[in-house]
Amino acid sequence: MIVGTVKEIKNHEYRVGLTPESVHELTAHGHEVLVETGAGEGIGAHDALYERAGATIIATAAEVFARAEMIVKVKEPQAVERAMLRPGQILYTYLHLAPDPEQTRDLIASGATCIAYETVTDASGGLPLLKPMSQVAGRMSIQAGATALEKAHGGRGVLLGGAPGVLPAKVVVIGGGVVGFNAAQMAAGLGADVTILDRNPEVLEKLGMYFEARAKTRFSNRANLAECVAEADLVIGAVLIPGAAAPKLVSADMLKTMKKGAVLVDVAIDQGGCFETSHATTHADPTYIIDGIVHYCVANMPGAVARTSTYALNNVTLPHALRIAELGWKDALRRDPHLLAGLNVWAGKVTYKAVADDLGLPYTPAEDAIA
């Protein structure tokens, strides 16, 4: 198979779909790999490294799209990239379609076979291709929140760990999954006063056993959530419904109960965000203030630590890419129901129910694509 990767063009996105080491694996299996020139510069992987790994360096993204049978990316294709997709071509990347009707319409029109990292599952019901970026984003959320809390950035002027004789900041993490766990780890490690909210008693039990006295757990209902948010210096939104739009858990009215200069970090912004007042921002302009509350809603947070993120991502995406290249997408999906769960759009049809439901589009079961 001819596999291509291109330079990411989303604002301040430095990750790349394939590392030189991943290219080496693909070429060792007999596949041809096309890499747009400069695609790996953001992680310190220059064209010469890709060439040594067996790739062919291509001058433009347009040529990569024109020649490749499978495009491997990181972020969802931007409008100019969607226009280059063709019927039957495989797109393998993060998509986050539920809050993005324009992208969904374009992918439907392209006729491409679109496999989304974020909905591929595993035997335990997890999301293994989303997990490493969730780990990175969870950890980064505390760094970003700590910076936003500084007075110069509009925050309350509070240090997460406090100081001798001065109480630490109150950090509230909404959601005890991968993002929430990693955020709580970082916040507790810095000495903050951490509370984690979740609706799953088993999750709360596991978190309680892990953190012991270093973090508190609390069942997430409207009253508890409102109380915790009102007391918080920093709130991390870490709620995910696979493939669907995130629920709006913190309302605009709740902002009025918060301390002026408190910070909201919405890690769920790729799926539309879990704060009512959230809208996507970029690394170039990451925050905005509503009712005195600082909002950090960068939609590609892990892109800021591109090298770490790219290698963590390739560790989990490459095995599936190899199977798709070896077997073709139909056989690969037919043999692996977990990879089949990643099929979001095929031949002009939406094949992931949560996306179809959220966007009011007709739904075609993914099984129809491999019948």
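Analyst: Let's start with a yardstick: a residue is buried under 20% relative accessible area, exposed over 50%, and partly exposed in between (1.4 Å probe, protein chains only). This is a predicted model, in which local features need pLDDT of at least 70 and side-chain atom pairs count only at pLDDT 80 or more, while totals for chains, interfaces and linings use all residues. Residues are numbered from 1 along each chain as its sequence is written, and side-chain values use heavy atoms, with hydrogens and water left out.

User: Thanks! Why is alanine 347 called partly exposed?

Analyst: Alanine 347 has a relative accessible area of 39%. That value falls between the 20% and 50% limits, so partly exposed is the right label. Alanine 347 sits in the loop between strand 14 (343–346) and strand 15; strands here are DSSP runs of E with at least two residues, helices are runs of H or I with at least four, and both are numbered from the N terminus.

User: What is the phi of alanine 347?

Analyst: Alanine 347 has a positive phi of about 50 degrees, although it is not a glycine. Histidine 96 is also a residue other than glycine with a positive phi, near 50 degrees. Histidine 96 belongs to the loop between strand 5 and helix 5 (101–110).

User: Is histidine 96 buried or exposed?

Analyst: Histidine 96 has 9% relative accessibility, so it counts as buried.

User: What makes phenylalanine 181 and phenylalanine 211 an aromatic pair, and what kind is it?

Analyst: Rings of Phe, Tyr and Trp (its six-membered ring) pair if their centres lie within 6.5 Å; planes under 30 degrees apart are stacked, over 60 edge-to-face, and the rest tilted. The structure holds five aromatic pairs. For phenylalanine 181 and phenylalanine 211, the centres are 5.7 Å apart and the planes stand at 55 degrees, which makes the pair tilted. Phenylalanine 181 is in helix 7 and phenylalanine 211 in helix 8 (residues 201–211), so this pair ties together parts that are 30 residues apart in sequence.

User: Why is the pair of tyrosine 210 and phenylalanine 211 called edge-to-face?

Analyst: The ring centres of tyrosine 210 and phenylalanine 211 lie 4.8 Å apart, and their planes stand at 85 degrees, so the pair is edge-to-face. Burial differs along this group: phenylalanine 211 is buried at 1% relative accessibility, phenylalanine 181 is partly exposed at 25%, and tyrosine 210 is partly exposed at 38%. Elsewhere, Tyr92, Tyr94 and Tyr117 form one aromatic cluster.

User: How do you know which strands are the edges of the sheet with the order 3-2-1-4-5-6-14-15?

Analyst: Two strands pair if DSSP finds at least two bridges between them. This open sheet has eight strands, with mixed pairing. Strand 3 (56–58) and strand 15 (349–350) each have a single partner strand, so one side of each is left without a neighbour in the sheet. Inside it, strand 4 (residues 70–72) and strand 5 (residues 90–93) meet the pairing rule with three bridges, in the parallel sense. Methionine 70 has isoleucine 90 as its bridge partner in strand 5.

User: What is the order of the sheet of seven strands?

Analyst: That open sheet runs 9-8-7-10-11-13-12, with mixed pairing. Its edge strands are strand 9 (216–219) and strand 12 (287–290), each pairing on one side only. Strand 10 (residues 234–237) and strand 11 run parallel and are joined by four bridges; isoleucine 236 is bridged to valine 265 in strand 11.

User: Which way do the residues of strand 11 point?

Analyst: In a regular strand the side chains alternate between the two faces of the sheet. In strand 11 (residues 263–266), Val263 and Val265 point one way, Leu264 and Asp266 the other way, and all are buried.

User: What makes an open space a pocket?

Analyst: On a 1 Å grid over the protein atoms alone, a pocket is an open set of points with protein on both sides within 12 Å along at least five of seven lines; lining residues have an atom within 4 Å of a point. The largest pocket has a volume of about 1,200 Å³, taken as the space filled by probe spheres set on the points, which are joined across faces, edges and corners. Of its 49 lining residues, Gly177, Val178, Ala238, Val239 and Leu240 are the closest to the centre. Helix 6 gives the most to this lining, with four residues.

Key. 1 Å grid on protein atoms, 1.4 Å probe; cavity = no way out; pocket = protein on both sides within 12 Å on 5 of 7 lines; lining within 4 Å.
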